[in-house]
Amino acid sequence: MITAHTGSDGYVDNSLEFIQACLDSSVSAMEIDVQLADDGTLYLAHDMLTNYHAAVSLADCFTLLGQRPDLIVNIDCKSRSVGTAVLAYARQQELANPLVFSGSILLEDFAVADRDKLFYNLENHFSLEQLEAQSYFEALGDLSRAGVTVVQVYYELATPALIKALKAKGIGLSVWTVNDLTQIDYYLDMGCVNVTSRKALTYLKAKKEGR
């Protein structure tokens with residue numbers, strides 16, 4: 001699976017133009033940054049905004065998604081409260097599009113039945129020192145038993161040994177953010193279930209043209 005990182009291919013991050021470009025493409029998934037305002041409004045932005053009214057609302061985003069119900073939407077939660085708020089809102093709106101959740105999330109905030117929707121950042125669970133030393137493989141079983149089916153790491157931390165250890169626990173690996181087109185193929189061939197890229201649309205166009 002290829003995910004278009006928000007702002008992929010030169011579009012403005014979290015913009016309507018970026019969303020529409022993904023809808024018009026064959027990309028499997030798109031990522032958006034989501035914030036939760038004090039009044040309960042969900043809006044698209046990497047950083048918390050004092051005046052969020054100029055930002056794209058999640059409601060407007062969901063309206064556009066009706067054009068492509070198959071497009072997976074990766075909600076990059078910018079605070080802990082975002083994930084469950086988005087999930088509840090999506091169910092209220094009967095959103096057809098599949099959602100996955102990444103970023104600032106904690107397992108205990110999600111029902112076990114919903115944890116298959118997580119792209120759980122290993123950085124949420126292990127220290128950078130553990131990740132770099134790959135000294136945490138035995139502990140991966142804890143995530144599997146907790147209902148996690150996909151974890152993600154920065155691409156430079158992904159190795160065949162990690163993928164092998166994850167597969168043994170029934171967990172897939174997603175990597176971010178891979179912007180070199182040849183490296184996208186490398187990580188897909190390695191066995192990653194998802195590659196997030198700021199060149200996703202360019203990559204897919206090149207593949208379609210046989211390049």
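1. For the charge count used here, Lys and Arg are taken as positive and Asp and Glu as negative, with His and the chain ends left out. On that basis the protein chain carries 16 positive and 27 negative charges, and the mean positions of the two sets are 7 Å apart. The model under discussion is a predicted one.

2. The overall fold may be summarised next. The secondary structure of the protein chain consists of 8 helices and 9 strands. Its radius of gyration is 17 Å, close to the 17 Å given by the globule rule for 211 residues, so the chain is as compact as a globular protein of that length. The C-alpha trace spans about 45 × 45 × 30 Å along the principal axes.

3. Burial and packing across the chain are as follows. Of the 211 residues, 50% count as buried. Among contacts with a separation of 6 or more, 58% are made by residues 24 or more positions apart. The accessible surface of the protein chain amounts to about 9,900 Å², and carbon and sulfur atoms account for 51% of that area.

4. The aromatic residues merit a separate point. The count of aromatic pairs comes to 9. One of them joins Tyr-43 and Tyr-52 in a stacked arrangement, at 5.0 Å centre to centre and with 15° between the planes. Tyr-43 and Tyr-52 are both buried.

5. A further pair is formed by Tyr-136 and Phe-137: the ring centres lie 5.2 Å apart and the planes meet at 85°, so the arrangement is edge-to-face. Tyr-136 has a relative accessibility of 2% and therefore counts as buried. Phe-137 stands at 19%, and since the cut-off for burial is under 20%, Phe-137 also counts as buried.

6. An aromatic cluster should also be noted. Its members are Tyr-154, Tyr-155, Trp-176, Tyr-186 and Tyr-187.

7. The final point concerns Ser-25, which sits in the loop between helix 1 (16-23) and strand 2 (29-36). With a relative accessible area of 21%, Ser-25 is classed as partly exposed, because that class begins where burial, at under 20%, ends. When neighbours within four places in sequence are left aside, Ser-25 is in contact with Arg-68 and Leu-201. In addition, the C-alpha atoms of Ser-25 and Lys-205 are separated by 9.0 Å, although these two residues are 180 residues apart along the chain.

Notes
Residues are numbered from 1 along each chain as its sequence is written. This is a predicted model: local features need pLDDT of at least 70, side-chain atom pairs count only at pLDDT 80 or more; totals for chains, interfaces and linings use all residues. Side-chain values use heavy atoms; hydrogens and water are left out. Helices (H or I, at least four residues) and strands (E, at least two) are DSSP runs, numbered from the N terminus. The radius of gyration is taken over C-alpha atoms; the globule rule is 2.2 Å times the number of residues to the power 0.38. Buried means under 20% relative accessible area, exposed over 50%, partly exposed in between (1.4 Å probe, protein chains only). Contact means heavy atoms within 4.5 Å. Accessible areas come from the Shrake-Rupley method with a 1.4 Å probe; for residues, only the protein chains shown count as cover. The place of a charge is taken as NZ of Lys, CZ of Arg, CG of Asp or CD of Glu. Rings of Phe, Tyr and Trp (its six-membered ring) pair if their centres lie within 6.5 Å; planes under 30 degrees apart count as stacked, over 60 as edge-to-face and the rest as tilted.
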